[in-house]
Amino acid sequence: MAKLYYNCPGGAFGDCMPFGKDGTFYLFYLRDPRVGGRSMGKPFGWDLLKTKDFVHYEDLGNAIPHGTDEEQDQYVFSGSVIKALGQYHAFYTGNNMLFPQQGKPGQVQMHATSDDLLHWTKTDEDLDLMAQPGYDPDDWRDPFVFWCQEQEEYLMLLGGRKAGPKTQQTGRTVQFASKDLEHWEFQGDFWAPDLYTMHEMPDVFYMDGWWYHIITEYSHRSKMVYRMSKSLQGPWLTPKDDAFDGRAYYAARTFAMDGKHYLFGWVPTKEGDTDKGLFQWGGACVPHQLYQREDGTLGCAMPDTVRAAFVEGENLEDVTLAASPARQEKVLREDGGDFFKLELDVSFQEGTSTFGLRFYGNQETGESYQYLFHVGENRVIFEKSPNWPWPDEQNIGQERPIHLEPGKTYHVDLIVDDTIATLYVDGVALNARAYRKFGTAVSAFATDGTVELKNITLSRDLK
């Protein structure tokens, strides 16, 4: 059972709508009841968590209830929360699965208000924010509302697509503008690259000279991507690495508090809770802390409060792996267990082919999970080792690009929390699901070269 990452009792954690004040985060989210193990098998509304540190959570239950089968918000889909005009405002998508067959729009934007973030009143207004002519009325969702100081008005971004076959790559972010949060004017496409079939969970934020626009797509790599610009009007530039994490991290939204920016996403479960199962909608809440590199691109790191929550780690001996011309492995700890944080500095010499870390290792059978750094391909991959009989681990998309340079020292953080593994290195994050515990060994390996591991610490509990 997970000790760190939040899992909903009897359900799954879906899209998060974060809001923060006075050092506390209010995490509104979609709580999927997982009826019969199936995602979205029963209507849901918004539930609410409170946390100060992303370690300890207070479950405040249902915040915005869903409607009946006859109402637009049969399901209360994703949206955003903003404080404005003396109140808190929640904008969300009212989704009715039955309406499209009745000739009515399946997805319409709706509105609720609150004085305390805890008790909400629906306005029962559709805000005249139904899909515009030429757009798909059943893929029109996830409103993100923010105050635009430059234009002196509120802007709402929506994920949408053009009308037509669902296979057409017409996904786009559209925008509305308002002075009073009641009357909205359609402003057309905000970002329309025609790269994906749909944009989900759009987000925009500003950090030190740059605007960033985030969406989640499910037709190409099924992951979050971002673009950057010096102006809210674009042009939106594509960074060399345009993602934050891999396939096993989805639909995150951002919030900044006390000068720090955070990304709130979820690591999906797999069907049947097995390595071979397909990823499902919803899972466990995993936050990342974002930072800006010198060139304006964004990196991911372990949140400071999460790092501080672990007990002081046990210092392990430095390791040198001289693997030429084959592979060499060294067990760092035989009894790593199913919850730990491993930190180390790693460097490799010219000629090294691959290196990496293994956990849940069984020294008799040789089975484990591993994060493998492939030097020639400049990427890090999560996989089961050996992945036999193929595929013994369905790991499509569980990889990230990373520039691997001989002689450079990389700081590596690895958190293993029951079935979730999270890797941070050089601003790159990679989450994964790992359901089988073959053993308890934690080890390092290298192939065709020399790799040095220093400053190794292993922490196996929280304070």
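I began with Trp-120 in this predicted model. Leaving aside residues up to four places away in sequence, I found Trp-120 touching Phe-28, Ala-63, Ile-64, Val-81, Tyr-88, His-89, Ala-90, Ala-112, Thr-113 and Ser-114.

**Cores**

Next I looked up the largest nonpolar core, which has 74 residues. Trp-120 is among its members with the most contacts inside it, along with Phe-13, Phe-28, Trp-46 and Phe-244. I then noted a second, separate core of 41 residues, and Leu-316, Tyr-369, Leu-423 and Ala-444 are included in it.

**Met-110 and Ala-444**

I stopped at Met-110, a residue of strand E8 (residues 107–114). Is Met-110 buried or exposed? Its relative accessibility is 7%, so I put it down as buried. I also checked how far Met-110 is from Ala-444: the C-alpha atoms are separated by 52 Å, and the two residues are 334 apart along the chain.

**Hairpin of E17 and E18**

My next stop was strand E17 (residues 250–257). Seven of its eight residues are buried, so the rest of the structure largely encloses this strand. I followed E17 to its partner, strand E18 (residues 260–270), and the two pair in the antiparallel sense over six bridges. Which residue of E18 stands opposite Tyr-250? I found Trp-266 there. Two residues lie between the strands of this hairpin, and I noted that Asp-258 takes a positive phi near 55°.

**Cavities**

Then I turned to the cavities, and counted two of 30 Å³ or more. The largest has a volume of about 70 Å³. I listed its lining: Leu-344, Val-346, Phe-355, Gly-356, Leu-357, Phe-373, Val-412, Ala-444, Phe-445, Val-451 and Leu-453. So Ala-444 turned up again for me, having already appeared in the second core. Which strand gives the most to this lining? It is E25, with three residues. At least two lining residues each come from E24, E25, strand E32 (441–447) and strand E33 (450–459).

**Thr-352**

I finished at Thr-352, in the loop between strand E24 (339–348) and strand E25 (354–361). Thr-352 is buried, with a relative accessible area of 7%. I looked for a polar partner for its side chain, and found the backbone oxygen of Gln-349 at 2.8 Å from a polar atom there. Not counting residues up to four places away in sequence, Thr-352 touches Val-375, Thr-447, Asp-448, Gly-449, Thr-450 and Val-451. I had met Val-451 before, in the lining of the largest cavity.

Key: Residues are numbered from 1 along each chain as its sequence is written. This is a predicted model: local features need pLDDT of at least 70, side-chain atom pairs count only at pLDDT 80 or more; totals for chains, interfaces and linings use all residues. Side-chain values use heavy atoms; hydrogens and water are left out. Helices (H or I, at least four residues) and strands (E, at least two) are DSSP runs, numbered from the N terminus. Buried means under 20% relative accessible area, exposed over 50%, partly exposed in between (1.4 Å probe, protein chains only). A polar contact is a pair of N or O atoms within 3.5 Å; within protein, one must be able to donate a hydrogen and the other to accept it, and residues adjacent in sequence count only if both atoms are side-chain atoms. Contact means heavy atoms within 4.5 Å. A nonpolar core is a set of buried Ala, Val, Leu, Ile, Met, Phe, Trp, Tyr and Cys residues joined through side-chain atoms within 4.5 Å. Two strands pair if DSSP finds at least two bridges between them. On a 1 Å grid over the protein atoms alone, a cavity is a set of points where a 1.4 Å probe fits but cannot get out, and a pocket is an open set with protein on both sides within 12 Å along at least five of seven lines; lining residues have an atom within 4 Å of a point. Grid points are joined across faces, edges and corners, and a volume is the space filled by probe spheres set on the points.
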